[in-house]
Amino acid sequence: MKKVYRYNEIADGIAAQIRNGILKVGEKLPSVRMLCKEYAIGMNTAKRVFLELEAQSLIDAKPQSGFFVSNRSVQRLPLPAVSTPTLMPGNKEPDELITKVYSSMGNNDITLFSIGIPSGNLLPLAKLQKEILQASRLLQGGTAYEPLQGNIQLRRMVAVRSLGWGGNLSEDDLITTSGGMNALSFSLMALAKPGDTVAIESPCYPGIFQLAISLGLKVLELPTHPVTGIEIEALKKLVSKIDICVLIPNFNTPLGSCMPDEHKKEVVKLLAKHNIPLIEDDVYGDLYFGTQRPKCCKAFDTEGNVLWCSAISKTLAPGYRVGWVAPGKYKDKIMKLKLVHAIATPSLVHEVVGNFFKSGRYDVHIHQIRRTLMGNYQRFSHAIATYFPEGTKISRPQGGLAIWVELAKGADTIKLYELAIKQKISISPGRMFTLQEQYQNCLRICMGMPWTDEIDFKLKQLGNLAKMC
């Protein structure tokens, strides 16, 4: 039977070809009639494809000529260079800065470009409320402890979903946790002892650095490409100095980089050869902008050496604190830690998320939020290119919630933060994403909110302030 296409599936495919450079700037797209013939769709469906691509600022219509890949400013901005952290363990934690930036969390009077979660306006709140009522009736209020390993419905559905990226997990392979950071915490506590060296991407999410330092670990920051992730050759040279590796292979924040499958496979093989555990944070994996979810490192793990951690904090309900880990051969250690530190996870919200997966509502929601974020990336990037000072560079994330912005050398984004917060705009200065004295001229801008004229105005304000720093 011939596949029946929807307009958004076709639009997503063409958008991916534009973002990946397969369709070049200025290149003409097939006509409406040609699109109808190629996909066996009607004229109205084909027209909606082009309207969607225009709305994302990916194509331009030229009267009497057709549609062409847009020559927008975003496509002229250069990428940041590969990061070059000092290849020595660092411990200069920007604790005061992190506390200051995150103190704005939950403040509705401030435009929070600093917080990497989706806005409530992008979440299926009414549907989740209904699921809570149903789960409460089923679990008689959800007051009882659930099994130590976690909610069976949630584990079963996470296992089913793993088939989509080659995980082939079973419900018995998984342990539920109270969010993604809880999964990472258990994993590091199970593997590390004070003084061990943990390798992490640079720049990377500050919570991972804080966690490592709190456990008395030495942190080795790895050179990272803004598109393809960690530099494999650098990892090979440093492997003898590493005890544990923590990576976000799919859409690392703040860069949005995504390691190619061959890199993931090579990293898994290299670390297994040296008996170095890999903790994989896959919390952004479902937020891909292309046509297919990327594989995880866990898909290439044949020895149980990869601890795959994930959660719904970045996709569905940040406040629910629902996460999980597939710890491989370290399962017994994680189970013991969970017993000591938690005993059980909150049964009610874990049942809700398990049911949300099973009903198919999560897939409908995630498809919508991915399209919103993909459109936001185009709009945010265009605004940054238009309003920010000359010499600005930006990342080109293939998924996730953030854009990494690099200003000219000498710029001070901590100063920019202080100026911006007075205008009720919060950003994340680049110094937050490292334990070394670097990235002072960089910042992360999160795009997990609906695009509005107000957002455009705030980016314009921020760009004007950047010219003063």
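In the predicted model, the side chains of Arg 444 and Thr 253 are joined by a polar contact of 3.0 Å. Arg 444 belongs to strand E17, which spans residues 442-446. Although Arg 444 is buried, it takes part in no salt bridge. The nearest side chain of opposite charge is that of Asp 281, at a distance of 10 Å. A salt bridge requires a side-chain nitrogen of Lys or Arg within 4 Å of a carboxyl oxygen of Asp or Glu, so the pair Arg 444 and Asp 281 does not qualify.

Strand E17 is part of an open sheet of four strands, arranged in the order E13-E14-E17-E16 with antiparallel pairing. Strand E13 (393-394) and strand E16 (428-429) form the edges of this sheet, each pairing on one side only. Strand E14, residues 402-406, runs antiparallel to E13 and is joined to it by two bridges. Within this pairing, Lys 393 has Glu 406 of E14 as its bridge partner. Between E14 and E17, which also run antiparallel, there are five bridges. Here Ile 403 is placed opposite Ile 445 of E17.

The surroundings of E14 were examined next. Five of the five residues of this strand are buried. In a regular strand, side chains alternate between the two faces of the sheet. For E14, one side carries Ala 402, Trp 404 and Glu 406, and the other carries Ile 403 and Val 405. The residues on both sides are all buried, and both faces of the strand are thus covered. Glu 406, the bridge partner of Lys 393, is therefore among the buried residues, with under 20% relative accessible area.

A second open sheet contains seven strands in the order E4-E12-E11-E10-E9-E5-E6, and its pairing is mixed. Its edges are strand E4 (175-177) and strand E6 (218-222), each of which pairs on one side only. On average, neighbouring strands of this sheet are turned by 20° against each other, direction ignored. Strand E9 (residues 244-247) and strand E10 (residues 278-281) are paired in the parallel sense, with three bridges between them. In this pair, Leu 247 is located opposite Glu 280 of E10.

Helix H7, residues 180-191, lies across several strands of the seven-stranded sheet. These are E4, E9, E10, strand E11 (306-311) and strand E12 (323-326). Relative to E11, helix H7 runs at about 160°.

Methods:
Residues are numbered from 1 along each chain as its sequence is written. This is a predicted model: local features need pLDDT of at least 70, side-chain atom pairs count only at pLDDT 80 or more; totals for chains, interfaces and linings use all residues. Side-chain values use heavy atoms; hydrogens and water are left out. Two strands pair if DSSP finds at least two bridges between them. Buried means under 20% relative accessible area, exposed over 50%, partly exposed in between (1.4 Å probe, protein chains only). Lys and Arg count as positive and Asp and Glu as negative; His and the chain ends are not counted. A polar contact is a pair of N or O atoms within 3.5 Å; within protein, one must be able to donate a hydrogen and the other to accept it, and residues adjacent in sequence count only if both atoms are side-chain atoms. Axes are lines fitted to C-alpha atoms, for helices over the stretch in contact, and angles run from 0 to 180 degrees between N-to-C directions. Contact means heavy atoms within 4.5 Å.
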